[in-house]
Amino acid sequence: MPLNLLKPEEARVILHKATEAPFTGAYLDHHESGSYTCRQCGTELFPSEAKFDSGSGWPSFDAALPGAVREVPDADGRRTEIVCARCGGHLGHVFRGEGMTEKNTRHCVNSISLGFIPKG
């Protein structure tokens, strides 16, 4: 599987599980129709229809495409990390039970971990 060459800041987040600063990411206030992809391998992860404003400072989605995102226990022992199911790149964390959407799920994702394919 060919992977995209990552810039140092992208590698810090995607490979070394860091977090970008809140309210700074390119996709926080992004509202185009299409699909959000893994920056490292290009796999489609989240449909734009699943994106919502959680006020958290990072892009939030209440659903991932089937089989695209894998959940793993976070190193902190409290949260659940989400990674690309294809390449294992760090995306962010998933939270449930917050009541922000009908699906009661928030995938909190680093913009730097994402790419975007416009609809059409």
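**Exercise 1. Decide from its relative accessible area whether Phe46 is buried or exposed, and then place Phe46 among its contacts.**

Solution. In this predicted model, Phe46 has a relative accessible area of 0%, and since buried means under 20%, Phe46 is buried. The next step is to list what surrounds the residue: leaving aside neighbours within four places in sequence, Phe46 is in contact with twelve residues that can be read off by name, namely Gly34, Ser35, Tyr36, Phe61, Ala63, Ala64, Leu65, Val69, Ile82, His107, Val109 and Leu114. The last step widens the view to the largest nonpolar core, which has 19 residues and in which Leu45, Phe46 and Leu114 touch the most other members. Strand 1 (34–38), strand 2 (44–47), strand 6 (80–84), strand 7 (90–96) and strand 9 (114–118) each supply at least two residues of this core. As a general background, nonpolar side chains tend to be buried together in soluble globular proteins.

**Exercise 2. Classify the ring pair of Tyr36 and Phe61 from the distance of the centres and the angle of the planes, and then do likewise for Phe46 and Phe61.**

Solution. For Tyr36 and Phe61 the ring centres are 5.1 Å apart and the planes stand at 65°; because planes over 60 degrees apart count as edge-to-face, this pair is edge-to-face. Tyr36 belongs to strand 1 and Phe61 to strand 4 (residues 60–61), so that the pair links distant parts of the chain, 25 residues apart. Tyr36 is buried at a relative accessible area of 0%, and Phe61 likewise counts as buried at 0%. Turning to the second pair, Phe46 and Phe61 are stacked, with 4.3 Å from centre to centre and 15° between the planes. Since Phe46 lies in strand 2 and Phe61 in strand 4, this pair ties together parts that are 15 residues apart in sequence. A final step collects the rings: Tyr27, Tyr36, Phe46, Phe61 and Phe116 form one aromatic cluster.

**Exercise 3. Work out which strands stand at the edges of the open sheet of three strands, and examine how strand 1 and strand 2 pair.**

Solution. The open sheet has the order 2-1-9, with antiparallel pairing. Strand 2 and strand 9 each have a single partner strand and therefore stand at the edges, with one side of each left without a neighbour in the sheet. From one strand to the next, the twist averages 35°. Strand 1 and strand 2 pair in the antiparallel sense over three bridges, and Ser35 stands opposite Pro47 in strand 2. Ser35 also meets Glu44, a residue of strand 2, through a polar contact between the two side chains at 2.9 Å. Glu44 itself counts as partly exposed, because its relative accessibility is 39%.

**Exercise 4. Describe how strand 6 pairs with strand 5 and with strand 7, and which residues take a positive phi in the two hairpins.**

Solution. Begin with the burial of strand 6, which is mostly covered, four of its five residues being buried. With strand 5 (residues 69–73), strand 6 pairs in the antiparallel sense over five bridges, and Glu71 stands opposite Ile82. The hairpin of these strands has six residues between them, and Gly77 takes a positive phi near 75°. With strand 7, strand 6 pairs in the antiparallel sense over four bridges, and here Thr80 stands opposite Val94. In this second hairpin, five residues lie between the strands, and Gly88 takes a positive phi near 80°.

Technical notes. Residues are numbered from 1 along each chain as its sequence is written. This is a predicted model: local features need pLDDT of at least 70, side-chain atom pairs count only at pLDDT 80 or more; totals for chains, interfaces and linings use all residues. Side-chain values use heavy atoms; hydrogens and water are left out. A nonpolar core is a set of buried Ala, Val, Leu, Ile, Met, Phe, Trp, Tyr and Cys residues joined through side-chain atoms within 4.5 Å. Buried means under 20% relative accessible area, exposed over 50%, partly exposed in between (1.4 Å probe, protein chains only). Contact means heavy atoms within 4.5 Å. Two strands pair if DSSP finds at least two bridges between them. Axes are lines fitted to C-alpha atoms, for helices over the stretch in contact, and angles run from 0 to 180 degrees between N-to-C directions. Rings of Phe, Tyr and Trp (its six-membered ring) pair if their centres lie within 6.5 Å; planes under 30 degrees apart count as stacked, over 60 as edge-to-face and the rest as tilted. A polar contact is a pair of N or O atoms within 3.5 Å; within protein, one must be able to donate a hydrogen and the other to accept it, and residues adjacent in sequence count only if both atoms are side-chain atoms.
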